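Biologist: Please pick one part of this fold and walk me through it slowly. I'd like to hear what it sits among and how it ties into the rest.

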Amino acid sequence: MCDFGGFFTLSDTPMWKGKKVSVALPTYNEKESIRSCIEGLYNTGFIDEVVVCNNNAVVGTSQELARTAAREVFEKRQGYGWSCRKALLESTGDLVVLCEPDGSFEPADVIKLLAYSDDFDVVLGSRTNGELIWTGANMGWFMRWGNWTVAKYLEFLFNVTSLTDVGCTMRLMTRSVLERISPFFTVGGSYFGPEMTLLCVWSGARVIELPVNYKKRVGQSMVTASRWSAFVLGLRMILFITEFRLKAWLGRGPRIAGTETDSHQAVARRAHRHPES
Ligand SMILES: Nc1nc2c(ncn2[C@@H]2O[C@H](COP(=O)(O)OP(=O)(O)OP(=O)(O)O)[C@@H](O)[C@H]2O)c(=O)[nH]1
Ligand SMILES: [Mg+2]
């Protein structure tokens, strides 16, 4: 057990039921919040590893990271997707949580995701539950309606579990799912989230969505700072989802290793749980 100045401790044993838990964080402009985010994650007592991808981040970010137990990796290609992808691929856990270090997420919500990981391969967060939107959070009616609408479009086209948010970075997946879908990542920009969700769904993984807390960001919001940029991003997401669906209908969807087997396993699992259906 390592003790870092009383702020947090690191155990030698995997933290969640014998499984090693990693958190992958992209960073660009979060110098003021990244250290408390990392400390908050370790303080949950369930995190084995935090990997931060420095995406040409503001000066001072590396110094802040050096004061934590997190591992810093670098990605030169600019963009949310590139940064998330690098952090995910550098992580080594059996369970991998993706999050943002901008103060908008509650580190303790990781525990909710972990609890559901016992039954699901992928646990997506949702930021649109009114009870969990904090004062000052960037989730006014426009963002909430927009995320909900695009999520419902995806849900309808792919006939999946109830989805209420399409842009929530906070999410968990098993290493097995990550390894199977990561060769098919193509998006380097801000609509990487829906690509990841679609690949998870398409892989046959068991997916669930849970409400998470959403708070006021520390510092300047970059991606959805204006309604116009949020609207354009929403349109880009709709186009991406539509294109994915059309390709899949035409038999040109991603050929993810093990998908057929896993789907059959999922059917068998459901039949086992509901023998009468
Ligand atoms: N804007 C921006 N963010 C990046 C980039 N690379 C990585 N990121 C990360 O992407 C995340 C999203 O950026 P934010 O500025 O928080 O975006 P936002 O407008 O608050 O939008 P949401 O967080 O999606 O609500 C942050 O955690 C950044 O660290 C980049 O090149 N540009
Ligand atoms: Mg953010």
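Modeller: Let's start with the whole chain: among contacts in the protein chain with a separation of 6 or more, 78% are between residues 24 or more positions apart. A contact here means two C-beta atoms, placed from the backbone, within 7 Å. Keep in mind that this is a predicted model, where local features need pLDDT of at least 70 and side-chain atom pairs count only at pLDDT 80 or more, while totals for chains, interfaces and linings use all residues. Residues are numbered from 1 along each chain as its sequence is written, and chains are lettered from A and ligands numbered from 1 in the order in which they are written.

The protein chain has 9 helices and 9 strands; these are DSSP runs numbered from the N terminus, helices being H or I over at least four residues and strands E over at least two. Of its 277 residues, 45% count as buried, where buried means 20 or more other C-beta atoms within 10 Å of a residue's own, exposed means 12 or fewer, and partly exposed is in between, with C-beta atoms placed from the backbone.

The part I'd pick is strand S3, residues 21–27. It is mostly covered, with 7 of its 7 residues buried. In a regular strand the side chains alternate between the two faces of the sheet. Here both faces are covered: Ser22, Ala24 and Pro26 are buried on one side, and Val21, Val23, Leu25 and Thr27 on the other.

Now for its neighbours, bearing in mind that two strands pair if DSSP finds at least two bridges between them. S3 runs parallel to strand S4 (residues 49–54), joined by 6 bridges, and serine 22 has glutamate 49 as its bridge partner there. Going from S3 through H1 to S4, the chain makes a right-handed β-α-β crossover; with the strands pointing away from you, the path from the first strand over the helix to the second runs clockwise.

That connecting helix, H1 (residues 34–43), has 7 of its 10 residues buried, so it is largely enclosed by the rest of the structure. The buried ones are Ile34, Arg35, Cys37, Ile38, Gly40, Leu41 and Tyr42. Glycine 45, just after H1, has a positive phi of about 85°.

S3 also pairs in the parallel sense with strand S6 (residues 95–98), over 4 bridges, and alanine 24 has leucine 98 as its bridge partner in S6. Alanine 24 is worth a pause. Leaving out residues up to four places away in sequence, it touches Val51, Cys84, Ala87, Leu88, Ser91, Val96 and Leu98. It is also one of the residues that touch the most other members of the largest nonpolar core, a set of 65, alongside Ile47, Val50, Val96, Val97 and Cys200. Helix H7 (residues 192–202) gives this core its largest share, 6 residues. A nonpolar core here is a set of buried Ala, Val, Leu, Ile, Met, Phe, Trp, Tyr and Cys residues joined through C-beta atoms within 7 Å.

Follow S6 one step on and you reach strand S8 (residues 171–174), which runs antiparallel to S6 over 4 bridges. Valine 96 stands opposite methionine 173 in S8. Methionine 173 is buried because 28 other C-beta atoms lie within 10 Å, and among its contacts, leaving out residues up to four places away in sequence, are Val96 and Cys200. S8 pairs with strand S7 (residues 122–126) as well, antiparallel over 3 bridges.

Back at S3, there is a ligand to consider. S3 and helix H3 (80–90) each supply at least two residues of the shell around ligand 1. That shell has 19 residues, the closest being Tyr28, Ser83, Glu100, Met222 and Val223; a residue is included if its C-beta atom, placed from the backbone, lies within 6 Å. By class there are 6 nonpolar, 9 polar and 4 charged, with Ala, Val, Leu, Ile, Met, Phe, Trp, Tyr, Cys and Pro as nonpolar, Asp, Glu, Lys and Arg as charged, and the others, Gly among them, as polar.

So, in short: S3 has both faces covered, pairs in parallel with S4 and S6, and contributes to the shell around ligand 1.
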